[in-house]
Amino acid sequence: MFIFEEVAKDSCFVGGEPHNKFVRFKIDQIARTLPGPVIREWWTRALDEVIAPFVKDRGYDWEISIDETPFDLWSLQGELAPPFESVAEKRWVKENKASPYTLAEKLPVNLLLAPGIADR
């Protein structure tokens, strides 16, 4: 989802000075939490690359801030989000909507259950 909020000319200030060629991106990252500083840096730099043609290449200055909500404090239409890579998550993505799911659908899509050590 993308929400655009236009700011009136001369209503944006950077360092106390008016700045009419500035764009701020505020991202609420809800579905996933990025584990560790290396992946967080990679993600921030990847976002900079994606938006560059729309801001940097047009002469705008910009900033990005990302807030992460804990995954277990998120729901859609009253349904708690299914676990990462689960059968239910794959179904949600395919159907593009939230829906109830069973305990079995919380399992990973590629779950391998085998007795003992598999590398003998």
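These legends describe close-up views of a predicted model.

**View 1. Strands β3 and β4 run side by side in parallel.**
Strand β3 covers residues 22-29. Strand β4 covers residues 61-68. Eight bridges join the two strands. One bridge pairs D28 with its partner in β4, D67. Between β3 and β4 the chain passes through helix α1. This β-α-β crossover is right-handed. Helix α1 itself spans residues 37-51.

**View 2. K26, D28 and D67 belong to one salt-bridge network.**
Salt bridges with shared partners join these three residues. D28 and D67 are also bridge partners in the pairing of β3 with β4. How many salt bridges does a search of the whole structure find? The search finds eight.

**View 3. A salt bridge links R40 to E68.**
The two side chains meet at 2.8 Å, N to O. R40 sits in helix α1, and E68 sits in strand β4. The two residues are 28 apart in sequence, so their salt bridge ties together separate parts of the chain. Are these residues buried or exposed? R40 is partly exposed, with a relative accessible area of 38%. E68 is partly exposed as well, at 24%.

**View 4. Q29 contacts W43 through its side chain.**
Q29 is a residue of strand β3. Its side chain makes a polar contact of 2.8 Å with the side chain of W43. Q29 counts as buried because its relative accessibility is 11%, and the cut-off for buried is under 20%.

**View 5. K90 forms a salt bridge with E85.**
The closest N and O atoms of this pair are 3.1 Å apart. K90 is partly exposed, at 38% relative accessibility. E85 is partly exposed too, with a relative accessible area of 33%.

**View 6. E105 and R91 meet in a salt bridge.**
The N to O distance is 3.0 Å. Which parts of the chain does this pair tie together? R91 lies in helix α2, whereas E105 lies in the segment after α2. The helix covers residues 87-95. The two residues are 14 apart in sequence, so the salt bridge ties the helix to the segment after it. E105 is buried, with a relative accessible area of 18%.

**View 7. The rings of W92 and Y101 pair edge-to-face.**
A pair of aromatic rings is described by the distance of the centres and the angle of the planes. Here the ring centres are 6.2 Å apart. The planes make an angle of 70 degrees. The pair counts as edge-to-face because planes over 60 degrees apart fall in that class. W92 is buried, at 9% relative accessibility. Y101 is partly exposed, at 22%. The count for the structure comes to three aromatic pairs.

**View 8. K21 lies over the face of Y60.**
How far is K21 from the ring centre of Y60? The distance is 4.3 Å.

**View 9. D10 has a positive phi.**
The phi of D10 is near 65 degrees. D10 is a residue other than glycine. Where does D10 lie? D10 is in the segment before β1, a strand of residues 13-14. D10 is partly exposed, with a relative accessible area of 44%.

**View 10. Q77 also has a positive phi, and Q77 is not a glycine.**
The angle is about 50 degrees. Q77 belongs to the loop between β5 and β6. Strand β5 covers residues 75-76, and strand β6 covers residues 79-80. Is Q77 buried or exposed? Q77 counts as exposed because its relative accessibility is 68%, and the cut-off for exposed is over 50%.

**View 11. E41 and S86 are 27 Å apart.**
This distance separates their C-alpha atoms. Along the chain, E41 and S86 are 45 residues apart. E41 lies in helix α1. R40 of the salt bridge with E68 lies in this helix too. E41 is partly exposed, at 43% relative accessibility.

Technical notes:
Residues are numbered from 1 along each chain as its sequence is written. This is a predicted model: local features need pLDDT of at least 70, side-chain atom pairs count only at pLDDT 80 or more; totals for chains, interfaces and linings use all residues. Side-chain values use heavy atoms; hydrogens and water are left out. A salt bridge is a side-chain nitrogen of Lys or Arg within 4 Å of a carboxyl oxygen of Asp or Glu. Helices (H or I, at least four residues) and strands (E, at least two) are DSSP runs, numbered from the N terminus. Buried means under 20% relative accessible area, exposed over 50%, partly exposed in between (1.4 Å probe, protein chains only). Two strands pair if DSSP finds at least two bridges between them. A crossover is right-handed if, with the strands pointing away from the viewer, the path from the first strand over the helix to the second runs clockwise. Rings of Phe, Tyr and Trp (its six-membered ring) pair if their centres lie within 6.5 Å; planes under 30 degrees apart count as stacked, over 60 as edge-to-face and the rest as tilted. A charge sits over a ring if NZ of Lys or CZ of Arg is within 6 Å of the ring centre and within 35 degrees of the ring normal. A polar contact is a pair of N or O atoms within 3.5 Å; within protein, one must be able to donate a hydrogen and the other to accept it, and residues adjacent in sequence count only if both atoms are side-chain atoms.
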